[in-house]
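Me: I am new to this structure. Please take me through its salt bridges and one pair of packed helices.

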Amino acid sequence: MDFANYRKQPLFWNGIAMAVLTVAILPLLFLDTRTLLGVNVWVKPLKFSLSVGLYSFTTVWVMFTFLRDWKHQHKIQMVLTITSFIEIVLITLQAARGEASHFNITTTWNQIVFSVMGTSISIFWAFHLWMGYKIFRKEAIPESVKESLVWGLTIAGFGMIIGFMMTSPRPEQLEAMKAGILETSGSHQFGSGDPGKGILFFGWSTKLGDMRVPHFFGMHVMQIFVFLAAYLSRKVDTLQNRTLVRFTGILFLSMNVIMVIQTFNGESVFHLNPMYTSLYGISLLLISLCLLKIISQPTKMQKQVTI
């Protein structure tokens with residue numbers, strides 16, 4: 001793709017908008033000293049602008065490269081762009097007000113913001129899955145490339161579902177609501193006690209279950225598979241490569257599911273639990289071996305000499 005092609009893609013401009021927003025937010029981290037729950041108010045919109053920008057730039061490549069002839073591809077891009085843009089605008093606006101954007105039901109406005117964000121991301125998720133289904137049904141894509149794209153988009157879809165797991169009000173919150181106390185509905189934290197010092201920038205708990213970790217992991221494993229698909233497009237499409245990609249996908253998805261289970265049990269993914277840590281370690285080792293094996297395969301451009 002050259003710029004003449006990029007400039008016609010809505011998701012490309014969404015990525016550019018996220019890059020501009022990221023640059024605009026950076027100085028605010030130093031100029032605005034306000035904090036929310038112990039974190040600078042501008043950290044959250046910065047994280048989301050980076051995340052949405054990365055998603056936009058990788059997805060526009062997938063759409064243009066493999067679904068260029070699909071009559072709905074421009075509509076899909078428009079919906080993904082609009083819904084993610086709504087999300088970012090509301091998160092940034094709440095940060096400017098010094099208010100939490102997620103789980104905040106303290107006022108009517110905050111309830112509206114939380115509700116609109118939930119609706120917007122639900123629509124985003126549905127259209128993301130539609131795109132993945134179209135990739136799955138596209139026959140012209142080499143099988144190993146398709147396998148990689150489908151796994152990446154599917155795991156990202158699962159990662160998005162994990163976000164909804166955080167929005168359900170907890171029993172104590174429901175009791176407070178019944179008493180007329182409207183403060184929060186849902187939380188990214190699972191378990192009770194001291195969450196410990198959060199990981200730099202991300203703020204993820206190192207002691208208690210933090211559902212943001214598997215949510216982030218699931219959504220951004222997609223980029224690994226998109227890069228793998230781009231690499232495989234230059235490789236010979238073999239049954240071995242398809243099998244290796246499928247095994248890699250199963251391992252990544254299994255890791256994501258295990259992260260969710262560990263978080264529901266109230267334990268941080270970064271806590272050195274012998275069982276969970278061993279499963280992660282073995283999975284990452286096997287994934288590395290699969291990727292090394294794929295890299296060792298011949299490329300399409302390899303010259304053949306006939307004797």
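Reply: Start with a term. A crossing is left-handed if the near helix is turned anticlockwise from the far one by less than a right angle, and right-handed if clockwise. Keep in mind that this is a predicted model.

Me: Is the crossing of helix 6 and helix 7 left-handed or right-handed?
Reply: Two packed helices are described by the angle between their axes and the distance between the axes. Here the axes of helix 6 and helix 7 lie 9 Å apart, at an angle of about 160°. Where helix 6 passes helix 7, the crossing is left-handed.

Me: Are helix 6 and helix 7 roughly parallel or roughly antiparallel?
Reply: The packing angle is about 160°. Angles over 145 degrees count as roughly antiparallel. Helix 6 and helix 7 are therefore roughly antiparallel.

Me: How many nonpolar residues does the contact of helix 6 with helix 7 have?
Reply: Helix 6 brings residues including Ile 121, Phe 124 and Trp 125. Helix 7 brings, among them, Leu 149, Val 150 and Lys 146. By class, the contact has one charged residue, five polar and, for the nonpolar class, 14.

Me: Which residue forms a salt bridge with Lys 146?
Reply: Side chains of opposite charge can pair when their charged atoms come close. For Lys 146, the closest N and O atoms of the pair are 4.0 Å apart. The partner sits three residues away in helix 7, so about one helical turn separates the two. That partner is Glu 143.

Me: Is Lys 146 buried or exposed?
Reply: Its partner Glu 143 is partly exposed, at 35% relative accessibility. Buried means under 20%. Lys 146 has 10% relative accessibility, so Lys 146 counts as buried.

Me: Which residue pairs with Asp 69 in a salt bridge?
Reply: The closest N and O atoms of this pair are 3.2 Å apart. The link joins distant parts of the chain, 69 residues apart. Asp 69 lies in the loop between helix 4 and helix 5, and the partner in the loop between helix 6 and helix 7. Asp 69 is exposed at 61%, whereas its partner is buried at 17%: Lys 138.

Me: How far apart are the closest N and O atoms of Asp 32 and Arg 34?
Reply: Asp 32 is buried, with a relative accessible area of 15%. Arg 34 is partly exposed, at 34%. They form a salt bridge, and the distance is 2.8 Å.

Me: How many salt bridges does the structure hold?
Reply: Among them are Asp 32 with Arg 34, Asp 69 with Lys 138, and Lys 146 with Glu 143. The total for the structure is seven.

How values were computed. Residues numbered from 1 in each chain as written. Predicted model: local features only at pLDDT ≥ 70, side-chain atom pairs only at ≥ 80, totals over all residues. Heavy atoms only, no water. Salt bridge = Lys/Arg side-chain N within 4 Å of Asp/Glu carboxyl O. Buried < 20%, exposed > 50% of the residue type's maximum accessible area, 1.4 Å probe, protein only. Helix = DSSP H or I, 4+ residues; strand = E, 2+ residues; numbered from the N terminus. Axes fitted to C-alpha atoms, helices over the stretch in contact; angles between N-to-C directions. Parallel < 35°, antiparallel > 145°, perpendicular 65-115°, else oblique. Contact = heavy atoms within 4.5 Å. Nonpolar A, V, L, I, M, F, W, Y, C, P; charged D, E, K, R; others polar.
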